[in-house]
Amino acid sequence: MDIDNPGRSEGSPSRPKANGFQLYPVSVNESGEGLPYAPEDWPHPGDKWVWKVGKRIAVSGFFMDRYLYLPSRFSLAGQGRCFASRLSLELYVQKHFPDVDVDAFFSSFSWKIPSKAYKRGVDYLEISRYQTKTSEHPLSDSPMGGCKAGNRFCSSLDTGEDSVSEIMFCDICCSEPGFCRDCCCILCCRIINKAHGGHSYIRCEASTDGYICGHNCHIDCALRAYMAGTVGGSIGLEAEYYCRRCDSRTDLVSHFTKLLQACESLGSRDDIEKLLNVGFCVLRGSKKTSAHQLLNSIEKAMSKVSEENGR
Ligand SMILES: [Zn+2]
Ligand SMILES: [Zn+2]
Ligand SMILES: [Zn+2]
Ligand SMILES: [Zn+2]
């Protein structure tokens, strides 16, 4: 997405101010404008960014989901944007305001937003489900998120590429306690083991208005639910995956082509074998030429593997 900064022609933006804020606790789904939770008078005097929080609250009492929106003049210019992660905002600032000190920008407001519910103890039960250690000073530590499913291998816990994209707001599955968009299957709600390559699950990368769905699903669950592969009837899938959350389809031919390419160079023999089996299940029955071609090469590779195993 290419966004020009509407203010760029007006000269270089002013420096973000230093912080030192009195943080006040806010309610679930609350939103507001400007300080202390969103930049103010930046990049230009009079600019007010908008902040919003989600529902999830970290052990520390801070919201795990917090969003920042560009000041309204950007949306009036058709360049509105929402940031769901600190990293995405950082990349945006670096790209559009290369002269600005990113640290100074982040110290011009408070990224962390404390929750009222936590303070009052209202959602305490829910919070304590994910709690590993009680913090005596809820405002003093700084988790930038966390995994609601308690999965310590969850991709939400690393600052990799996943957090670069803006994810769409979801108050269906993602508002459920214990469900983590980054690591749980939307059909069975169990944690997806991503340790062995990508053959066992698929992540929906469909984007609506610039927000990525980002929900994951076990391929097995999707096959069982007739939401992957080739399926007749009203959904009508042709070597595709259908995301129950956002109704988007993902082409499984290109998905598995990429996986096979990656697996050929990196995967263990066991991984390749599993991937071939899943690929076979997903592609069979399709009338698409590309699916046929891939299925053929999968079948060849499978017979080669079984020959080698028989030796
Ligand atoms: Zn997770
Ligand atoms: Zn969700
Ligand atoms: Zn599942
Ligand atoms: Zn989706």
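Is Cys185 buried or exposed? Hold that thought for a moment, everyone, while I set the scene.

What you see above is a predicted model, in which local features need pLDDT of at least 70, side-chain atom pairs count only at pLDDT 80 or more, and totals for chains, interfaces and linings use all residues. Residues are numbered from 1 along each chain as its sequence is written, chains are lettered from A and ligands numbered from 1 in the order in which they are written, and side-chain values use heavy atoms, with hydrogens and water left out.

Back to Cys185, then. Its relative accessibility is 0%, so Cys185 counts as buried; buried means under 20% relative accessible area, exposed over 50%, partly exposed in between, with a 1.4 Å probe and protein chains only. Cys185 is one of the protein donors of the zinc ion (ligand 3), along with Cys188, His218 and Cys221. The cysteines bind through SG and the histidine through ND1, at 2.1 to 2.3 Å. By donors I mean N, O and S atoms within 2.8 Å of the metal (3.2 Å for Na, K and Ca); water is not among the atoms, so sites may look incomplete. The angles at this zinc ion run from 99 to 119°, which makes the arrangement tetrahedral, a label that four donors earn if all angles lie between 85 and 135 degrees. Cys185 sits in the loop between helix H5 (124–129) and E5, whereas His218 is in strand E8, 33 residues apart, so to speak of a pair that links distant parts of the chain. His218 is buried too, because its relative accessibility is 16%.

Now the other site. Cys204, Cys213, Cys243 and Cys246 coordinate the zinc ion (ligand 4) through their SG atoms at 2.3 Å. Here the four donor atoms subtend angles of 101 to 115°, which again makes the arrangement tetrahedral. In sequence the spacing is C-x8-C-x29-C-x2-C. Cys213, from the loop between strand E7 (211–212) and strand E8 (216–218), and Cys246, from the loop between E10 and strand E11 (249–251), are 33 residues apart and link distant parts of the chain. With 1% relative accessibility, Cys213 counts as buried.

On to the sheet. E9, E10 and E11 form an open, antiparallel sheet in that order, where strands pair if DSSP finds at least two bridges between them. E9 and E11 are the edge strands, each pairing on one side only. E10 and E11 pair over three bridges, and one bridge joins Glu240 to Asp251 in E11. H7 lies across E9, E10 and E11, at about 50° to E11; axes are lines fitted to C-alpha atoms, for helices over the stretch in contact, and angles run from 0 to 180 degrees between N-to-C directions. Contact means heavy atoms within 4.5 Å.

Finally, the core. The largest nonpolar core has 46 residues, and Tyr241, Phe256 and Leu283 touch the most other members. Such a core is a set of buried Ala, Val, Leu, Ile, Met, Phe, Trp, Tyr and Cys residues joined through side-chain atoms within 4.5 Å. H7 gives the largest share, six residues. Beyond four places in sequence, the contacts of Tyr241 include Ile202, Cys204 and Cys217.

To close, the whole chain: nine helices and eleven strands, which are DSSP runs numbered from the N terminus (helices H or I, at least four residues; strands E, at least two). Buried residues make up 43% of the 311. Thanks, all!

Note on methods:
Tetrahedral: all angles 85-135°; square planar, octahedral: opposite > 155°, others 65-115°.
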